Amino acid sequence: MQEAGQAKGHPAGPCTMVIFGASGDLTKRKLVPALYNLAHSGYLPENFAVIGFAFDKMSTEEFRSKISLELREYCECEVDPERWRKLCDRIQYMQGDFNNPAAYQKLAGLLAEADEKYQTGGNYLFYLATAPGFFSKIVHQLGDAGLVVEDNDHWRRVVIEKPFGHDLASSIALNRDIAKVLDEKQIYRIDHYLGKETVQNLMIFRFANGIFEPIWNRRYVDHVQITVSETVGVEQRGGYYDNAGAVRDMIPNHIFQLIALTAMEPPISFAADAVRDEKAKILHAMQPPHPDTCLNCAVRGQYGEGAIEGNPKLGYRREPNVRPDSITPTFAAMKLFIDNWRWAGVPFYIRTGKRMATRISEITIQFRQAPFVLFRDTPVEQLPSNLLVMQIQPEEGIWLRFGAKVPGPSVNIGGVQMNFKYSDYFGTSPSTGYETLLYDCMVGDSTLFQRADMVEAGWSVVQPVLDAWEKAPPEEFPNYPAGSWGPRAADELLERDGRHWRSTMG
């Protein structure tokens with residue numbers, strides 16, 4: 001049996017991957033391209049098989065033909081026909097109802113056939129690429145069918161997509177419900193943002209470079225900004241999104257994981273639980289806003305009509321499957337504090353939204369200004385703050401802004417940048433963000449996946465905001481045009497503290 005923490009850098013061990021919801025959007029856009037990229041890079045097991053499980057009626061050959069066409073559309077590289085054929089030949093499809101016990105008996109038979117035909121060793125990876133309402137039902141059906149029992153050195157793991165719960169109460173209930181069937185070590189709560197190279201590089205950047213860690217604290221850092229903005233609207237996800245909104249969709253998972261990696265203490269090792277212990281401490285140290293101050297420290301918005309790059313865009317309420325009087329926020333910003341020794345008094349400003357001016361995900365560390373005393377008798381009017389920006393998308397890289405003297409007889413300071421782009425130094429390789437995560441699931445490394453306590457801690461921080469917004473519905477929606485940086489109130493959130501979002505710093 002492969003244990004967490006085993007050496008990487010080689011193909012994963014034998015296993016069969018079962019994708020629930022195999023006919024859906026996630027499978028064609030992310031999972032199949034990620035599996036192909038793993039095969040292309042030599043990390044996919046030699047003894048490997050895939051079983052797609054969905055309600056849509058089609059044969060295995062029809063499913064293979066479908067995903068072959070989709071791979072060529074969504075894969076970011078040229079597909080090698082022979083390499084894809086070898087993988088595609090190991091993919092089967094079964095039509096079934098997720099609620100029907102008989103379907104799981106059929107699945108058990110297909111898994112046994114795959115074990116015998118492809119020598120997959122009885123190791124099963126179940127991927128729940130379904131609507132959240134099916135998570136608990138599928139887990140219990142797998143348990144009733146005996147498919148998650150680990151014996152005879154066989155491992156059985158379940159990957160669960162976000163959202164993990166709809167609020168704090170439902171996340172606690174879901175954790176308890178699946179814990180009746182699975183051990184915590186079998187559960188992989190996936191967040192594809194943590195598959196990004198820059199996100200993983202955060203720990204390396206901080207803990208392997210002696211020049212940064214000594215200044216990574218309240219003495220030198222003025223504040224931290226995290227922005228995850230999208231130019232797209234809700235696309236075809238209106239039915240889901242209108243019941244979720246910006247906070248539920250992004251903050252307790254994506255953004256809080258970025259905060260945890262940014263703010264965590266050095267772990268004692270890179271072992272999964274050592275890293276997750278430190279991340280959990282940050283999530284527990286984040287102060288939930290007081291109910292009386294929620295409306296002052298959190299901002300919500302909804303996009304109206306506008307334009308992006310000259311192209312007109314509909315307002316949110318006119319998107320497919322969205323209620324015409326919807327009060328669901330498509331933008332959220334918050335000011336948070338981490339109540340520990342390292343970060344006491346340092347505000348963390350976060351924002352996320354759809355139909356924004358630019359697609360970007362980044363972490364900005366703004367350092368405190370140097371004392372002005374040396375420059376009091378010079379033309380210098382103010383000293384620019386040093387900025388360190390970790391950019392996650394669209395281009396992955398890191399840049400540092402510092403002050404330098406402008407050439408000339410007088411003393412003037414200009415802000416200059418040192419840029420590092422992954423593509424310049426290490427080249428580019430096709431990636432969906434899922435390759436590393438799928439590989440980690442196969443080798444049993446849970447470092448980049450959330451534990452139950454981490455999920456619940458994240459929800460506990462945003463729950464007061466969700467409650468406050470429910471009690472005080474917005475009166476001014478929509479309150480920002482598509483193609484902008486969000487509502488004016490988001491700028492005021494920082495301006496009250498004498499600060500600005502990086503997009504408005506110039």
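The exercises below concern a predicted model and are each followed by a worked solution.

**Exercise 1. Describe the sheet: its strand order, its edges and its twist.**

Start with the order. The sheet is open and has 6 strands, arranged S3-S2-S1-S4-S5-S6 with parallel pairing. Next, find the edges. Strand S3 (91–95) and strand S6 (187–189) each pair on one side only, so they are the edge strands by the pairing criterion of at least two bridges. Then take the twist. On average, neighbouring strands of this sheet are turned by 20 degrees against each other, direction ignored.

Finally, examine one edge. S6 pairs with strand S5 (residues 156–160) in the parallel sense, over 3 bridges. Within this pairing, Val-159 has Tyr-188 of S6 as its bridge partner.

**Exercise 2. Identify the strands that helices H4 and H5 lie across, and give an angle for each helix.**

Take helix H4 (residues 101–118). Helix H4 lies across strand S1 (15–20), strand S2 (48–54), S3 and strand S4 (124–128). Relative to S2, H4 runs at about 165 degrees.

Now take helix H5 (residues 135–144). The strands it lies across are S1, S4 and S5, and its angle to S4 is about 155 degrees.

**Exercise 3. Locate Ile-190, decide whether it is buried or exposed, and list its contacts.**

First, the location. Ile-190 sits in the loop between S6 and helix H7 (197–207). Second, the accessibility. Ile-190 has 4% relative accessibility, and the cut-off for buried is under 20%, so Ile-190 counts as buried.

Third, the contacts. With neighbours within four places in sequence left aside, Ile-190 touches Tyr-127, Val-159, Ile-160, Glu-161, Lys-162, Tyr-434, Leu-437 and Phe-449. Among them is Val-159, the residue whose bridge partner in S6 is Tyr-188.

Last, a distance. From Ile-190 to Cys-15 the separation is 175 residues in sequence and 19 Å in space, C-alpha to C-alpha.

**Exercise 4. Count the cavities of 30 Å³ or more and characterise the largest.**

Begin with the count. A search of the whole structure gives 3 cavities of 30 Å³ or more. The largest cavity holds about 130 Å³ of space.

Then consider its lining, which consists of 14 residues. Those nearest the centre are Lys-162, Phe-164, Asn-253, Gln-450 and Val-455. Lys-162 is also one of the contacts of Ile-190.

Assign the lining to helices. Helix H9 (245–263) and helix H14 (452–471) supply at least two residues each, and H9 gives the most, with 3 residues.

Finish with the classes. The lining of the largest cavity has 7 nonpolar, 2 polar and 5 charged residues.

Notes:
Residues are numbered from 1 along each chain as its sequence is written. This is a predicted model: local features need pLDDT of at least 70, side-chain atom pairs count only at pLDDT 80 or more; totals for chains, interfaces and linings use all residues. Side-chain values use heavy atoms; hydrogens and water are left out. Helices (H or I, at least four residues) and strands (E, at least two) are DSSP runs, numbered from the N terminus. Axes are lines fitted to C-alpha atoms, for helices over the stretch in contact, and angles run from 0 to 180 degrees between N-to-C directions. Contact means heavy atoms within 4.5 Å. On a 1 Å grid over the protein atoms alone, a cavity is a set of points where a 1.4 Å probe fits but cannot get out, and a pocket is an open set with protein on both sides within 12 Å along at least five of seven lines; lining residues have an atom within 4 Å of a point. Grid points are joined across faces, edges and corners, and a volume is the space filled by probe spheres set on the points. Ala, Val, Leu, Ile, Met, Phe, Trp, Tyr, Cys and Pro count as nonpolar, Asp, Glu, Lys and Arg as charged, and the others, Gly among them, as polar. Buried means under 20% relative accessible area, exposed over 50%, partly exposed in between (1.4 Å probe, protein chains only).
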